Amino acid sequence: MVKIGEEPAQLLVGNGRLITHDERMPFLDNGCVAIREGVIVAVGATAELQATHPCAKFIDARGRVIMPGIINTHTHLYSTFARGMALKDDAPSIFTEILEQVWWRLDKALTLDDVYWSAMVGMMASTRCGVTTIFDHHASPGAVPGSLLRIAEAARQTGLRSCLCYEVSDRDGAEIANLGIEENRAFLRYCADTGDDRLRGLFGMHASFTLSDETLVRCSETAADFDAGFHVHTAEGASDAESCRREHGMSIVERWNKFGILKAASLLAHCIHIHRHDMELLRATGTKAIHNPQSNMSNAVGCAPVLEMMRLGVHVGLGSDGYSADMFESMKAANLLQKHDAGDPRVAWAEPPQMLFQENAAIASECFGRPIGKLIPGAHADIILVNYDPPTPMNAENLSGHIQFGFSGGAVEMVLIGGQIVMDDRQLLTVDEREVMAKSRAAAAEMWKRF
């Protein structure tokens, strides 16, 4: 048993196959987690912890898998409102057309209410898939001020641990860019003042090709006031990388380095069209790259060189880019994409689980200031129960194989965040699902008219 202190636990979650993602004790066949005031105080055998904490409430996993809540390090909650939406033009054939004809039209049409309802639905879907922490990257040029507070309101309603930012861009003119900078500033100040342990902020920016040097200076100076990291798309499309080299005489990663964007707290989404020197800069600065395999395939922008990055010591996390709420599926897609790109079935067995379970945990732990993504004493009690009865022996050595081929978001039956049960038997407990979905449909229908 591993424990901290002698205070009695208030809650035990046990009698299940325990995956801790802690290398010291990765798996217990009949394990238990002890929780007090939202924090894990002990991990061990069920019988042992029940004997040690006889007065604690006991949640019986009934043989299900007990594991840390899943973390998504790059998503766009507002993309929820694109589901089922018809385009008004011919289908876009290249990435820049996808941005111009879909996402930049959609985000301009969003109202503050749309921001809230799309966030609610996206967060509910995330919870249903066992995601307990998200890093959202938001844009709503027609409704900038207060937009992050509306997403934070949804986070409180759902209970989801959330790191938010606003996407600064020059594409809509100087006034909107200024509003984006101020929205980031206001939200970073809000997080600092409230001290909510489930809410954090980063400084958001869109991408190199929509940001002038002057705007980058202002972003860098504003973020420095809060010692904040950045959350920015990086070399997602080849055209972005080419334009940066043509207009600035350097790569995108070099440009970020010039303006102080590269740092341990920064997240660079995609990093597809980068080279060895860029990777060395990421490693030297501790900057995190975030892989989004499903979105990259959908947009036909290429395969990120994540295996090479990881071999060089770059920290690579895993996101969804809003494509799916199910991070188990993102992990599987990362495995398949790398095999397909390399033409080698031997590659990418270890790296995608490392991205999802180790790297994402490290990113979230650093951001929120307490361990997340591991079931260890002192960590936030973000826990999920997965309905998985292994058809073959399951042990510490073969966990990745069971997760890769046996787990899915739809098998998650219970979710606890900070020791609070937010989903039980796949029913969300903090929101009225029917009401939220009805209001979301109505809001989306009106937004589509403005699209």
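In what order do the five strands of the open sheet run, and is their pairing parallel or antiparallel? In this predicted model, the order is β11-β12-β13-β14-β15, and the pairing is parallel. The two edges are taken by β11 (203-205) and β15 (316-318), each of which has a pairing partner on one side only. Ignoring direction, the average turn between neighbouring strands of this sheet comes to 25°.

Zooming in on one pairing, β13 (residues 267-270) and β14 (residues 288-291) run in the parallel sense and are joined over three bridges. Leucine 268 has alanine 289 of β14 as its bridge partner. The sheet also carries a helix: α13 (residues 351-368) packs on it and touches β13, β14 and β15. The direction of α13 makes about 100° with that of β15. With 65 to 115 degrees counting as roughly perpendicular, that angle puts α13 roughly perpendicular to β15.

Helix α13 has a helical neighbour as well. Helix α12 (residues 327-342) packs with α13 at an angle of about 150°, and their axes are 8 Å apart. Angles over 145 degrees count as roughly antiparallel, so that is the label for α12 and α13. The crossing of α12 past α13 is right-handed. On the α12 side, the contact is made by Met327, Phe328, Met331, Ala334 and Asn335, while α13 brings in Pro352, Pro353, Leu356 and Phe357.

Turning to charged side chains, a search of the whole structure turns up 25 salt bridges. One of them pairs arginine 105 with aspartate 89, with 2.5 Å between the closest N and O atoms. Arginine 105 sits in helix α2 (residues 95-109) and aspartate 89 in the loop between β7 (70-75) and α2, so this pair ties together parts that lie 16 residues apart in sequence. Are the two partners buried, exposed or something in between? Arginine 105 counts as partly exposed, at 32% relative accessibility, and aspartate 89 is also partly exposed, at 38%.

A second salt bridge connects aspartate 225 and arginine 185, whose closest N and O atoms are 3.8 Å apart. Here the link is between distant parts of the chain, 40 residues apart: aspartate 225 belongs to the loop between α6 (213-224) and β12 (230-234), and arginine 185 to helix α5 (residues 174-194). Aspartate 225 is exposed, because its relative accessible area is 53% and the cut-off for exposed is over 50%. Arginine 185 is partly exposed, at 29% relative accessibility.

The third example stays inside one helix. Glutamate 446 and lysine 449 meet through their side chains in a salt bridge, at 3.0 Å from N to O. How far apart are glutamate 446 and lysine 449 in helix α15? They are three residues apart in α15 (residues 433-450), which means a separation of about one helical turn. Glutamate 446 is partly exposed, with a relative accessible area of 39%, whereas lysine 449 counts as exposed at 62% relative accessibility.

Salt bridges can also link up with one another. Through shared partners, Asp107, Lys108, Glu167, Arg171 and Asp172 are joined into one network.

Terms used: Residues numbered from 1 in each chain as written. Predicted model: local features only at pLDDT ≥ 70, side-chain atom pairs only at ≥ 80, totals over all residues. Heavy atoms only, no water. Pairing = 2+ DSSP bridges. Helix = DSSP H or I, 4+ residues; strand = E, 2+ residues; numbered from the N terminus. Axes fitted to C-alpha atoms, helices over the stretch in contact; angles between N-to-C directions. Contact = heavy atoms within 4.5 Å. Salt bridge = Lys/Arg side-chain N within 4 Å of Asp/Glu carboxyl O. Buried < 20%, exposed > 50% of the residue type's maximum accessible area, 1.4 Å probe, protein only. Parallel < 35°, antiparallel > 145°, perpendicular 65-115°, else oblique. Left-handed = near helix turned anticlockwise from the far one by under 90°.
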